[in-house]
Amino acid sequence: MMKENEKLDRLNSLLKSYNRIVLWGFTENRHSHYFIHQSYYKFLSKHTDSKIIWIENNTENNELLESGDLVMVPDVHLNTPYEQLKLEKPRTDITYIFHPAKALPEDWFENENLKYIRLFEYRNAYLRQFSAINDYFERWRPFVYFFPDAKTLLQPWGCHFTPSEFLEPSAPVSNEIYFIGTLWGDEEGKVNGNRKKIKDFEHKCQQSQMDFKVLSGISDEEEIKTIRTSLFAPNIGALYHDVDSYLQCRTFKSIAYGALVITDTPGFKEILKEGFVEFQNWSEAIEKIKGMTEEERLAIIQKQQDFIKNYTYLDHWLNILEGLERL
């Protein structure tokens, strides 16, 4: 098992193959992917020697791309009813990370000399899809899969803190519970989103005399300060996130910030192991945490932090770069 400093050395060694890292799009907060790019930028700026630029999805910005660049393009999120991807046809002197190359012209990939990797956030459906059409793939760790023939990597987002930056566990005695994230989807919870599930959770909090608040669009500093005062950090997945094992970055971040995380996504049990808190419903979860001693809660947080050490942006970017090196 590589130590953190060895991983950082390896990361910087792999990045020497590229001129710069370019994050394409979402320089403003108009989509949740803005927060992914923001965290990428913070992590890479702090922990690598590479030059990082973050540019908007504008036609004129194609002129800013240089030979040898490594360009991250969230194509699906930039091809919507609200905007269109303005990236020009890829160049063979540039390497691309497409997330996830599902909304790009097929003729872009006809050139065998094009250098790219397709990045998918892990979902069970994606694993079934790619394993059905690829005879060979590699499982690097739970929920991290590499399909070399498809030039595809499946992995969770993780968090932008490295393990040495994890904050001390915080187990306050509090009657407040905070959910920090986006409230979205239909009111009935039949189409998509988390709106209905969060409203149901709010009702459970009221029944347990807990004060529940939803916050979104706040700074990292505000998020850290707030989540550390919460009795626990509820990770309430959107519709179908549980059955698809979609592993929300919110969970990894809250654990890194020192909060006790309770999640309704069963897939996290494979990562958190004995740090995963079992419950049948949110009422039971709330009462279970309220009944724990401070020492019991601190011990769970410490286990959670130990088990996510390989799911930070350090490993996330190492996986991407080592995948590219293999192609």
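Helices (H or I, at least four residues) and strands (E, at least two) are taken here as DSSP runs, numbered from the N terminus. I note at the outset that the model is predicted.

**Entry 1: Ser 50**

I looked up Ser 50 and found it in the loop that joins helix H2 (33–47) to strand E2 (52–55). I then listed its contacts, leaving out residues up to four places away in sequence, and obtained Leu 15 and Ile 21. For Ile 21 I also took the C-alpha to C-alpha distance to Ser 50, which is 7.0 Å, although 29 residues separate the two in sequence.

**Entry 2: H1 against H12**

I examined how helix H1 (residues 4–15) packs on helix H12 (residues 313–326): the angle is about 40 degrees and the axes are 10 Å apart. I therefore recorded H1 and H12 as oblique to each other. I noted the crossing of H1 and H12 as left-handed. On the H1 side, I listed Glu 4, Lys 7, Leu 8, Arg 10, Leu 11, Leu 14 and Leu 15 as making the contact. H12 contributes Leu 314, Asp 315, Trp 317, Leu 318, Leu 321, Glu 322 and Glu 325. I sorted the residues of this contact by character and counted eight nonpolar, six charged and no polar. Leu 15, which belongs to the H1 side of the contact, had already come up as a residue touched by Ser 50.

**Entry 3: Aromatic pairs**

I searched the whole structure for aromatic pairs and found 27. One of them is formed by Phe 201 and Trp 282, with 4.9 Å from centre to centre and 80 degrees between the planes, an edge-to-face arrangement. I placed Phe 201 in helix H5 (residues 195–207) and Trp 282 in helix H10 (residues 282–290); the pair links distant parts of the chain, 81 residues apart. Are the two residues buried or exposed? I found Phe 201 buried, its relative accessible area being 0%. Trp 282 also counts as buried, at 11% relative accessibility, because the cut-off for buried is under 20%.

I also recorded one aromatic cluster, formed by Phe 120, Tyr 122, Tyr 126, Phe 130, Phe 137, Phe 143, Tyr 145 and Phe 147.

**Entry 4: His 241**

I located His 241 in helix H7 (residues 241–244). Its relative accessible area is 12%, so I entered His 241 as buried. Which residues does His 241 touch, not counting those up to four places away in sequence? I listed Arg 123, Tyr 246, Gln 248 and Thr 265.

Note on methods. Residues numbered from 1 in each chain as written. Predicted model: local features only at pLDDT ≥ 70, side-chain atom pairs only at ≥ 80, totals over all residues. Heavy atoms only, no water. Axes fitted to C-alpha atoms, helices over the stretch in contact; angles between N-to-C directions. Parallel < 35°, antiparallel > 145°, perpendicular 65-115°, else oblique. Left-handed = near helix turned anticlockwise from the far one by under 90°. Contact = heavy atoms within 4.5 Å. Nonpolar A, V, L, I, M, F, W, Y, C, P; charged D, E, K, R; others polar. Phe/Tyr/Trp six-rings, centres within 6.5 Å; stacked < 30°, edge-to-face > 60°. Buried < 20%, exposed > 50% of the residue type's maximum accessible area, 1.4 Å probe, protein only.
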